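Hi everyone, thanks for coming. I'd like to spend a couple of minutes on charged side chains and where they pair up. Let me put the structure on the screen.

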Amino acid sequence: SSAHWLQTPPPQRAARTRIRSFEPATLLHAAMPPKKAGKAGAKKVTYDYSDLKEGMRVQAESDGVYYAAEVVTVSESKSRAKAPVKISFKGYDSSYNEWVSGDRLRSKAVKKVVPEAEKRPPLEFNFGYWKIRGLGAVFRMIFEYKGVKYTDNQYAAGEDWFGKAKSEILEKTPLANLPYVECGSDVVCQTNACLNFIGNKLRLNGGGYKARLLNDQLLCEIYDVRNTMIEISYPFKNVCRDDAEHKAKAESHCHGKAFSKFEAILEKSGTDYFCGKSPCTSDFHIWEMLDQHKLLAAKHGCKDIFEDIPKCKAFYDRFRAIPSLQKYFESEDYKLPVNNPIANAYFK
């Protein structure tokens, strides 16, 4: 206030004068509040004094209070870099003049200069899987949805993967397998581990503890559904020994309740997607399995798989219409075989 300017000397000076009349040094500490620890990683603020001129009126801080002051000079000397502005307090003689820095001044002529945050390089993924939809479609859709840069290594034949390519991944991790994902120095294998990894990188694992917990469970649940599909689709599993057995088990599976739990989740949550208002990693795998089951049912003339799961049908249509995924749905990747022809799959 103006009363401070006219009647009271700047507190820092006053404090020094008062303390000399007392012997206990503890009074000095009592008069000075403890310094606050700076925030870790805080940006260093500097000041631009180029518009500050001699004779300008400013407000200068002293002991936590701002007082009317005038600029005496602005020093360009390196020795004065930390406090380059000499000010005089209005109403006080030159013995009260001080050298101050920008953090103790109020003036439009003093500008804060905050350094720009260091820009991180954009995320880039290196992905590897068979040249089929299978599990690969889940990752390709995620990458397209988020618009990130990625390399899609598609292995068409066994020797393409088991030769040089797998050896190169083995040099980076003994867990080499398909699918794999690389980002920076990280190499991750195994489907759900890969999905959790890119979900963390791309913020697709759920917004909050409950959503993340549900997303993790759904990833495991839909993998069980996929495992049943694999058993039906490939002869090497010995579940279906020929086309006739494949057809019978496929029809039974499509008429069953493979997605009843997922229907119940959507019924309970009332959300557009399984873990909230926007897709998480589990949504991509669930959608892919719905689409594969739809194709399997069409192949064998089964009833509409969505007949008893209307919530899943609404989710399927909503997901299919996401604008950033239209490029994928129009691409050759979406037209790849569902399962691997080199393994003599019944359902390709």
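**Salt bridges in the model**

Let me begin with one residue: at 27% relative accessibility, Glu70 counts as partly exposed. Please keep in mind that we are looking at a predicted model. The partner of Glu70 is Lys90, and their closest N and O atoms are 3.7 Å apart, which makes a salt bridge. Lys90 is partly exposed too, at a relative accessible area of 36%. In the chain, Glu70 belongs to strand E3 (residues 65-74), while Lys90 is in the loop between strand E4 (85-89) and strand E5 (98-100). The two are 20 residues apart, so this pair links distant parts of the chain.

Now, how many salt bridges does the structure hold? There are 17.

Another one joins the side chains of Arg133 and Glu288, with an N to O distance of 3.0 Å. Arg133 comes from the loop between strand E8 (124-130) and helix H4 (136-146), and Glu288 from helix H10 (residues 281-299), so parts 155 residues apart in sequence are tied together here. Buried or exposed, you may ask, for Arg133 and Glu288? Both are buried.

My next pair is Lys172 and Glu182, with 2.6 Å between the closest N and O atoms. Lys172 is in the loop between helix H5 (158-170) and strand E10 (180-183), Glu182 is in strand E10 itself, and so the bridge ties parts 10 residues apart in sequence. Glu182 counts as buried, because its relative accessibility is 11% and the cut-off is under 20%.

Finally, look at Glu61, Glu98 and Arg104: salt bridges with shared partners join them into one network.

Terms used
Residues numbered from 1 in each chain as written. Predicted model: local features only at pLDDT ≥ 70, side-chain atom pairs only at ≥ 80, totals over all residues. Heavy atoms only, no water. Salt bridge = Lys/Arg side-chain N within 4 Å of Asp/Glu carboxyl O. Helix = DSSP H or I, 4+ residues; strand = E, 2+ residues; numbered from the N terminus. Buried < 20%, exposed > 50% of the residue type's maximum accessible area, 1.4 Å probe, protein only.
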